[in-house]
Amino acid sequence: CDWSSDVCSSDLDFDWQAARVVTRLDDMERQNYPLADMIFSPLQQVSMISQDMTLMPGDVIACGTSVGVGSITDGSTVTVSIDGIGSLSNVLSLRD
């Protein structure tokens, strides 16, 4: 996973409520919505997850999105980006 070094920066001045998350499937935008629409804020998510497990520096919390990205097939590339933080791309690979 290739994340911006800002993700782990303690001095990051990031206004999550003004940011948007964009999901692309094979370079086609499928989702684009404000993080402010999340049911649980980042602080609430960290608090809830921390009750069940220890979060370590560099851990990434991946949660569901507001609407489905669509059909994903073998070899599809899904890229999720948040301006000011970075992008994460994964290629689906079916196993025998």
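**Exercise 1. Find the residue in β4 that stands opposite isoleucine 82, then describe the pairing and turn around it.**

*Solution.*
Step 1. Isoleucine 82 faces glycine 86 of β4. The model is a predicted one.
Step 2. Widen the view to the two strands. β3 and β4 (residues 86–91) run antiparallel and are joined by 6 bridges.
Step 3. Look at the turn. The hairpin of β3 and β4 has 3 residues between the strands, and glycine 84 there takes a positive phi near 90°.

**Exercise 2. Trace the pairing of strand β1 (residues 20–25) with β3 and with β2.**

*Solution.*
Step 1. Start with β3 (residues 77–82). This strand is antiparallel to β1, with 5 bridges between them. Within that pairing, threonine 23 has valine 80 as its bridge partner.
Step 2. Turn to β2 (residues 28–34). Here 6 bridges link β1 and β2, again in the antiparallel sense. Valine 22 is bridged to asparagine 32 of β2.
Step 3. Check the connection. β1 and β2 form a hairpin with 2 residues between them. Aspartate 26, in the turn, has a positive phi of about 50°.

**Exercise 3. Is serine 81 buried or exposed, and which residues does it touch?**

*Solution.*
Step 1. Place the residue. Serine 81 lies in strand β3.
Step 2. Apply the cut-off. Buried means under 20% relative accessible area. Serine 81 has 19%, so it is buried.
Step 3. List its contacts. Leaving out residues up to four places away in sequence, serine 81 touches Arg20, Val21, Val22, Gly86 and Ser87.
Step 4. Pick out the polar one. The side chains of serine 81 and serine 87 make a polar contact of 2.6 Å.

Notes: Residues numbered from 1 in each chain as written. Predicted model: local features only at pLDDT ≥ 70, side-chain atom pairs only at ≥ 80, totals over all residues. Heavy atoms only, no water. Pairing = 2+ DSSP bridges. Helix = DSSP H or I, 4+ residues; strand = E, 2+ residues; numbered from the N terminus. Buried < 20%, exposed > 50% of the residue type's maximum accessible area, 1.4 Å probe, protein only. Polar contact = N/O pair within 3.5 Å; in protein donor to acceptor, adjacent residues only side chain to side chain. Contact = heavy atoms within 4.5 Å.
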